[in-house]
Amino acid sequence: MDWNALIRPELDGMKPYAPGLRASEVRERTGRDDVSKLSSNEYPLGPVPMALEAMAAVLPHLNRYPDGSATALRARIAGHWGVDERFLTVTNGSNELLRLIAQAVLRPGDEVVYAWPSFVVYPLVTRMFGATAVPVPLTSDARHDLPAMVAACNERTRLLFLCNPNNPTGTIFSRTEWDALLAAVPPNVLIVLDEAYFEFVDDPEYPDGLTYFDGVRPLVVARTFSKIYSLAGVRVGYGFLPPALLAAVDAIREPFNVNTVAQIGACYSLDDQPEIASRKHVNREQKTYLYSCFDRLGVAYVPSHTNFIWIQTKKPVEVFEELLREGVIARSFGDTPALRLGVGTETDTKRTVEAFEKIVGRLGSL
Ligand SMILES: Cc1ncc(COP(=O)(O)O)c(C=O)c1O
């Protein structure tokens, strides 16, 4: 077999998505038991108690396939946001939704505009379906440069990915900036607004994508249960899509793409809004305390609207390795002069601050 002839040339040299280090890998590597995994923007606590109980109760019934239309969960999500469920699809994490949209719309020669650095899945799905990536650098304060992104759109642009708040920088664009983009973006462009960290944001200037979704405008709003809802391990995300696109995505998704445990867990998670509000509050408290310690230690960072912080350092490789040595797993971005660090529990925060105190002592200015 000529494997090169067999496999689509666009996939040549593509590497699998590289996740952050797992705690068990770091335990093995460093010999330490006390490890803070702050590399994947997960919530540091498990699923809410009601969801845990409901997921455990369904385990004896896993001989059956899931509900392939996720009927109860779709009704529950639609009710929660007050948007008609005929616009809603649920997916195996919002990653799956991003890929399905790309698969449904991209042809070789199409262009896809996204900010950079931003979520690594945008370039992946662009390339996977033979389209051309058009990354637009963030502004000097690590925010989406929406006017430059509009300027990068042309008649070949099929998709515009917007990540608000942005992963990995934790920054947002404002309602005013978003309104200006909507007014200027060419009509051939489908906007995919990825709001994976929506629930963490407090800023009154933050535009809620769903208030702009009308099922007619070429806009998709994607959200997930992987972050504040602590369900990353069962994989469940969702999106609101205009009906023609929704029909295409539903036609190409796997049958039973969202497993039974995930469907049940997500339904019950939505029921515990007091707990979700408290998680948001705890995240904000830990983040504020981390900022005060970083200020004291001279560690540069970008203020974040999420559960992670973009730390700016001229020594990203050394700081990453030193953090590991101290039991803190951050996310490295190669030689980009920054690291992404998740906000965890009080214990994680304490470990992180102690780690930085030692590292600043060892390396001098970061
Ligand atoms: C911006 C953004 N979008 C989407 C995802 C995918 O999340 P999931 O597939 O777990 O829903 C992530 C995960 O880290 C993310 O950061």
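This is a guided tour of a predicted model, from the whole chain down to single residues.

**The whole chain**

Begin with the protein chain in cartoon view, where there are 13 helices and 13 strands to find. The radius of gyration of the chain is 21 Å, close to the 21 Å that the globule rule gives for 366 residues, so the chain is as compact as a globular protein of that length. Along its principal axes, the C-alpha trace spans about 60 × 55 × 50 Å. Buried residues account for 46% of the 366 residues, and 75% of the contacts with a separation of 6 or more are made by residues that are 24 or more positions apart.

**The seven-stranded sheet**

Next, select β2 to β8, which form an open sheet of seven strands with mixed pairing, in the order β2-β8-β7-β6-β5-β3-β4. Each of the edge strands, β2 (88-91) and β4 (132-137), has a single partner strand, so one side of each is left without a neighbour in the sheet. If you look across the sheet, neighbouring strands are turned by 20 degrees against each other on average, direction ignored. For a closer view, select residues 157-163 and 190-194, which are strands β5 and β6; the two run parallel and are joined by five bridges. One place to look is Phe161, whose bridge partner in β6 is Val192.

**The four-stranded sheet**

Now move to the other open sheet, in which four strands pair in the antiparallel sense in the order β9-β10-β13-β12. Here β9 and β12 are the edge strands, each pairing on one side only. Select β10, residues 308-312, in which four of the five residues are buried, so the strand is largely enclosed by the rest of the structure. Towards β9 (residues 300-302), β10 pairs antiparallel over three bridges, and a hairpin of five residues joins the two strands; Tyr301 has Ile311 of β10 as its bridge partner. Towards β13 (residues 338-342), β10 also runs antiparallel, with five bridges between the two strands. Show the side chains of Trp310 and Gln312 to follow this pairing: the bridge partner of Trp310 in β13 is Arg340, while that of Gln312 is Ala338.

**The helix across this sheet**

Keep β12 and β13 on display and add helix α12, which lies across both strands and runs at about 30 degrees to β13. Within α12 (residues 316-325), the buried residues are Pro316, Val319, Phe320, Glu322, Leu323 and Leu324. These buried residues pack against α2 (23-30), β11 (328-329), β12, β13 and α13 (346-363). Following the helix is Gly327, which has a positive phi near 85 degrees.

**A buried loop residue**

Which residues should you expect Leu106 to be in contact with, leaving aside its neighbours within four places in sequence? Select Leu106 in the loop between α5 (94-105) and β3 (111-116), and add Phe129, Gly130, Ala131, Arg158 and Leu159, which are those contacts. Leu106 has 21 other C-beta atoms within 10 Å and counts as buried. Arg127 is 21 residues away from Leu106 along the chain, and the C-alpha atoms of the two are separated by 9.7 Å.

**Backbone points to inspect**

Most residues other than glycine have a negative phi, and most peptide bonds are trans. Four places in this model depart from those patterns and can be visited in turn:

- Trp116 to Pro117: the peptide bond is cis, with omega near 0 degrees, and Pro117 sits in the loop between β3 and α6 (121-128).
- Asn167 to Pro168: this peptide bond is also cis, with omega near 25 degrees, and Pro168 is in the loop between β5 and α8 (175-184).
- Ala70: phi is positive, near 45 degrees, in a residue of the loop between α3 (49-58) and α4 (71-81); Ala70 is buried, with 25 other C-beta atoms within 10 Å.
- Ala142: phi is positive at about 65 degrees, in the loop between β4 and α7 (146-151); this residue has 20 C-beta neighbours inside 10 Å and counts as buried.

**The ligand**

Finish by selecting the ligand and the 13 residues that surround it, of which the closest are Gly93, Ser94, Asn95, Thr224 and Ser226. Colouring this shell by residue class will show four nonpolar residues, eight polar residues and one charged residue.

Key
Residues numbered from 1 in each chain as written. Predicted model: local features only at pLDDT ≥ 70, side-chain atom pairs only at ≥ 80, totals over all residues. Near = placed C-beta within 6 Å. Nonpolar A, V, L, I, M, F, W, Y, C, P; charged D, E, K, R; others polar. Buried ≥ 20, exposed ≤ 12 C-beta atoms within 10 Å, placed from the backbone. Pairing = 2+ DSSP bridges. Rg over C-alpha atoms; globule rule 2.2 N^0.38 Å. Contact = placed C-beta atoms within 7 Å. Axes fitted to C-alpha atoms, helices over the stretch in contact; angles between N-to-C directions.
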